[in-house]
Amino acid sequence: MYLYLQQQIQDVVKEFAKRQFDVDANVVVNQPPRAEMGDMALPLAMELARTLRRAPRQIAEEVAAELKKLEIVERVEIAGAGYVNLYFKRAAYATAFDQRTSGASTGKATGEKIIVEHTNINPNKAAHIGHLRNAALGDTFVRLLRSRGRNVEVQNYIDNTGVQVADVVAGFLNLEKKSAEEVRRLTEDPAVRFDYYCWDLYAKVSRFLAEQADGKAMRSTMLREIEAGGTEAARMAEIVSTAIVRAHLKTMHRLGVEYDLLPRESEILHLRFWDQAFALLKAKGAVYLETAGKNSGCWVMQYKGSETEDETAANEEDTKVIVRSNSTVTYVGKDMAYQLWKFGLLGKDFYYQPFHTYPDGHVVWMSSSERGKPSPAFGNGKIVYNVIDTRQSYLQDIVAAGLRALGYAAQADRSIHFSYEMVALSPRCCEEMGIELSPEEQKRPYIEVSGRKGLGVKADDLIDRLTEEALREVAARHPDKSQETKELIARQIAIGALRYFLLKYTCNAVIAFDFREALSFEGETGPYVQYAVVRARNIFRKLAEEGEGAKPVAISEATLAKFLAPPDGDAFWSLLYLISQRDAAAEQAVVTTEPAAVAKYAFQLAQAFNNFYHRFHILTEQNPERKAFLLWLVRKLEEQLTATLGILGIEAPKAM
RNA sequence: GCGCCUGUAGCUCAGUUGGAUAGAGCGUUGGUCUCCGGAACCAAAGGUCGGAGGUUCGAAUCCUCUCAGGCGCACCA
């Protein structure tokens, strides 16, 4: 509602400025610093004063006169140096909002497809908190886009033939002397948590390879074997990566994260996606065979236009190896092929097999090198978001540069790196976990997580701990509830706390993970917001218990007018006004790729409601008309706050 | 060395494409409640927005310089 009006006003004023002053104005419509100053504000007059060489207040008068014509506008004031402040007809606004939000928003999104790629964990070990941030951001962004009516496809790329998998395979073969068959049995052993097992093995083998003189050679041999396929190592890589992918899906599903497609790197190779992309790149001269220097024998790509005069020395710094001298392809190369496919530019497609069915019936598909089952049409995205941490910006730039080199500048622009900072551990957190730190490290604000060193907080461990903590609280507050119910509520609270914690920071803030903060259920947290919804619902539950129908009742504009009128209605109006801003918060989050905006909004809404809840008693209200109004307001709050939590992937429990 | 990011209250962070008196949470101090369940509410204290210039009606926000911290620049991803 808010967003709609804001845009309408923007359009009206823009058109007016063109007609009246003959200028293309950048019309900003925002909110005044205090509610008494109006509902929306336009600082336009000050901006135009210079170019028009007229007093700002005079311009403001003209803009104000134009805006007074709008049906929804109650009055307009000129304030300060020339702000145009609008006051809406509260009852009309409320009625319009009620109508817009009452209709069930059905219908599948059919517009141009947006592909969001996220999670992308190397399938060689258990997921850790860093991966959780990626998934929480990606999944929330998907929910955001869908809430705005966009058609979204979620992909989780599986790097099943990369070095990280190769290392674990090397560990099984060289350190543990296990056959592929023995590893397979290990994945089926209920007594073994395979992803945790690999977590430890990966750390072990990383240390081992670092100590070996020929560690590098061992790694590249292993990689080649796995890429080529058909060997014991390749079979083992398939077993390991598939088992780990299943573990990851399970972990992520605990947070409510689902995917549509799991494209695998092995198919990029086996279905010759890379050969196709390579041919395109060669044909356009985007890559060339280096014959001298350190990259001799490699196919490299020129990165950033070398404007430097001395082309010999500086050049090498600006090139990126795409195909190694042993003819294996780097990750970036494979990513280019993948990126081309996402935009439908490769001229090839995967085969697909259903991989897993979620409890809700939704199916995740996996790429396959053999003809599979009839599947939905994947790929062919109009816009592509890649949720990848900021440390990989350089690689993302190279992939985009590859698209440009092939003449796909428009697609390169629509290939968006959804960048975010890493999750690190606070020194205190390391201490708690028994990780030894050097005196130097102790002084740092945070310690980087390292899968290679086995240094990090495993996702499932964290979720378990949060759930236990929540269960303790729930059990204390609701001793009468069944164990099953208590556990469900505890899970919902734990996930609410975790997702909110991961989402409340803006993307370019490093999260220094700390148990105390992550386990907090008070203040700016998920449970605080959930609690507000529970409180609102309790009112309706109580109402039903008392025999008064809890069903929503239509409310007249006259009633709305009566109780929203200033000054007594100010508190109600400001709450309602905030409730109506959900679409604006969501849209802002989409445009800025910043889900934190929605988290912030959810918190503000919960805060405003808690204040309202404390000030006004609804069930004891004697005036039936006023009571109906208050109930209507609470109903609206409950709807919109629940929907906002839904965007964040957080459920509101039945009780707390 | 080059590139990118970050410096805002004691701590952790917001700050709406440059807008009015810079805001939250935690922590501290004090208060609210026989209540629709306190995982709550209210209030107080706490700021040279790292520093210095500049741009303009107006700067936490844009530009330049500078200080501090982080990340990246592999035939790893």
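The domain assignment splits chain A into three parts: domain 1 (2-88), domain 2 (116-425) and domain 3 (526-647). The model is a predicted one.

**Domain 2 against domain 3**

The C-alpha centres of domain 2 and domain 3 are 45 Å apart. The two domains do touch: eleven residues of domain 2 are in contact with ten residues of domain 3. About 970 Å² is buried between domain 2 and domain 3. Carbon and sulfur atoms give 70% of that area.

**The surface near RNA strand B**

RNA strand B has 63 residues around it. Those that come nearest are Arg324, Tyr331, Arg477, Thr506 and Tyr613. By type, the residues of this surface divide into 31 nonpolar, 16 polar and 16 charged.

Several elements supply at least two residues each. They are the helices α2 (44-52), α15 (393-405), α19 (459-477), α22 (526-545) and α26 (596-615), together with strand β3 (83-88). Helix α26 gives the most, with seven residues.

Which part of the strand faces the protein? Of the atoms of RNA strand B within 4 Å of the protein, 63% belong to sugar or phosphate. The rest belong to bases.

Three side chains illustrate the backbone side of this surface. In each row, the distance runs from an oxygen of RNA strand B to an N or O atom in the side chain.

| Side chain | Oxygen of RNA strand B | Distance |
|---|---|---|
| Arg50 | phosphate oxygen | 2.4 Å |
| Tyr83 | sugar or linking oxygen | 3.0 Å |
| His614 | sugar or linking oxygen | 3.1 Å |

Arg50 thus pairs with a phosphate oxygen. Tyr83 pairs with a sugar or linking oxygen, and so does His614.

**Asp195**

Asp195 lies in helix α8, which covers residues 194-211. Is Asp195 buried or exposed? Asp195 counts as buried because its relative accessible area is 3%, and the cut-off for buried is under 20%.

What does the side chain of Asp195 pair with? It makes a polar contact with the side chain of Arg193, at 2.8 Å. Other contacts come from elsewhere in the sequence. Leaving aside neighbours within four places, Asp195 is in contact with Lys125, Ala126, Ile244, Ala247 and Asp460.

**In brief**

Domain 2 and domain 3 bury about 970 Å² between them. The surface near RNA strand B draws on α26 the most, and 63% of the strand atoms within 4 Å of the protein are sugar or phosphate. Asp195 is buried, with its side chain in a polar contact with that of Arg193.

Key. Residues numbered from 1 in each chain as written. Chains lettered and ligands numbered in written order. Predicted model: local features only at pLDDT ≥ 70, side-chain atom pairs only at ≥ 80, totals over all residues. Heavy atoms only, no water. Near = heavy atom within 4 Å. Polar contact = N/O pair within 3.5 Å; in protein donor to acceptor, adjacent residues only side chain to side chain. Helix = DSSP H or I, 4+ residues; strand = E, 2+ residues; numbered from the N terminus. Nonpolar A, V, L, I, M, F, W, Y, C, P; charged D, E, K, R; others polar. Buried < 20%, exposed > 50% of the residue type's maximum accessible area, 1.4 Å probe, protein only. Contact = heavy atoms within 4.5 Å. Domains from an automatic or database assignment. Buried area = accessible area lost by both parts, 1.4 Å probe.
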